[in-house]
Amino acid sequence: MKSPGKRALLTGGGIAAAGLAVVLSTTLTANAAPAPAPAPAAEVVEAPVPVRAAEEPDNTPWGDVIGTGVHGDGGELVFYGVKVDIEQLPQTTFGIMAGHRSADGKVTAGTVTNEYSGPDKSPGFHAVSGGLNGIPSFGYYAGPAAKITAKVNGKTVTAHQAAWSVDPNIVVFWFDSAADPLKLAAFDASGKKLPAGNPDVGHG
C-alpha cells in the first residue's frame, strides 16, 4: 500500500510542473516577434500637370479683359494682361495681349507685346506695338497717366486707355488707327507731363 504522504508529494509536484508550464508559455508569448504592421494603403500617384515651356507665351488672361466696344470679324477687340516667363528677360513678368471676344464670351489671342529692355514697370511707355493684322497700335504706360497723346498720320490724337486690374498703375492704351503713334506723351490728372520711358514702336 502506497503512503498517503508520498501521494500528496507527487500531487504537489504535478501542480508545480503545471505552474512552470504556464510561466514558460507566458514568457514565450511575451518574447514572440511582434505581428507585422498592416501594409500601407496603395499610394495614389496623380498624373503630372503639363508644364509650359518658359519661352511659350501663356495666352490665359491675367486679370480682367478690357473691352473696347470695337467690333469686327473676330468679335470685339479686347486687351488683357498675360504672364511672361522668359529666361532671357528676367525683369519682364507680364505683357499685354490684343485679341477678340466672340458673342458667346470666348476670348481669342491675337498679338502680344511686352518690355524687352529693363524693368517692365519702370515709369514711362513700354511695349508700344504698331498696328498688325487688323489690330490697331497699342501698348502700356507705367505710372499715373490720365491722358496719352501721339502724332498719328500727322495729327495729334488722344489714345483710348484703361487701367489693368492686376496693377492699376499700369495703363493699357490703344489708338483707332494701325499707323505708328509718334511723339508719344503722357500727362497726369493735373496736366503735368510724365516720363517718356521707352516710346519706341515695335512691329511683330
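**Sheets, cores and selected residues in the predicted model**

Asn198 counts as buried, its relative accessibility being 17%. The structure described here is a predicted model. Asn198 is located in the loop that links strand 11 (182–187) to strand 12. Outside the four places on either side of it in sequence, Asn198 touches Glu115, Tyr116, Phe125, His126 and Val128. One of these residues, Val128, is also the bridge partner of Val201 in strand 12.

Strand 12 belongs to an open sheet of 5 strands, arranged in the order 9-10-6-5-12 with mixed pairing. Strand 9 (160–163) and strand 12 (201–202) form the edges of this sheet, and each of them pairs on one side only. Strand 5 (residues 124–129) and strand 12 run parallel and are joined by 2 bridges.

A further open sheet is built from 4 strands in the order 1-2-3-4, with antiparallel pairing. Its edges are strand 1 (62–72) and strand 4 (107–113), each of which pairs on one side only. On average, neighbouring strands in this sheet are turned by 30° against each other, direction ignored. Within the sheet, strand 2 (residues 75–83) pairs with strand 3 (residues 94–101) in the antiparallel sense, over 8 bridges. Lys83 stands opposite Phe94 of strand 3.

The loop between strand 2 and strand 3 contains Gln91. With a relative accessible area of 44%, Gln91 is partly exposed, because the value falls between the limits of 20% for buried and 50% for exposed residues. When neighbours within four places in sequence are left aside, the contacts of Gln91 are Gly118, Pro119 and Asp120. The C-alpha atoms of Gln91 and Pro119 are 4.8 Å apart, although the two residues are separated by 28 residues in sequence.

Thr68 is part of strand 1. Its relative accessibility is 19%, and Thr68 therefore counts as buried, the cut-off being under 20%. A polar atom of the Thr68 side chain lies 2.6 Å from the backbone oxygen of Leu77. Leu77 is also among the contacts of Thr68 beyond four places in sequence, together with Glu76, Val78, Phe79 and Trp174.

Phe79 and Trp174 recur in the description of the nonpolar interior. In soluble globular proteins, nonpolar side chains tend to be buried together. The largest nonpolar core in the model has 16 residues, and Phe79, Ile96, Phe138 and Trp174 are those with the most contacts inside it. At least two residues of this core are supplied by each of strand 2, strand 3, strand 6 (138–142) and strand 10 (170–174). Another core, of 14 residues, lies apart from it and includes Ala145, Ala150, Leu184 and Leu194.

Trp174 contacts a set of residues that are not its neighbours within four places in sequence. Among them are Ile66 and Thr68, the latter in strand 1, as well as Phe79. The remaining contacts of Trp174 are Ser137, Phe138, Ala159, His160, Gln161 and Ala162. Phe79 and Phe138 thus appear both as contacts of Trp174 and, with Trp174 itself, among the residues with the most contacts inside the largest nonpolar core.

Methods: Residues numbered from 1 in each chain as written. Predicted model: local features only at pLDDT ≥ 70, side-chain atom pairs only at ≥ 80, totals over all residues. Heavy atoms only, no water. Pairing = 2+ DSSP bridges. Axes fitted to C-alpha atoms, helices over the stretch in contact; angles between N-to-C directions. Core = buried A, V, L, I, M, F, W, Y, C linked by side-chain atoms within 4.5 Å. Buried < 20%, exposed > 50% of the residue type's maximum accessible area, 1.4 Å probe, protein only. Contact = heavy atoms within 4.5 Å. Polar contact = N/O pair within 3.5 Å; in protein donor to acceptor, adjacent residues only side chain to side chain.
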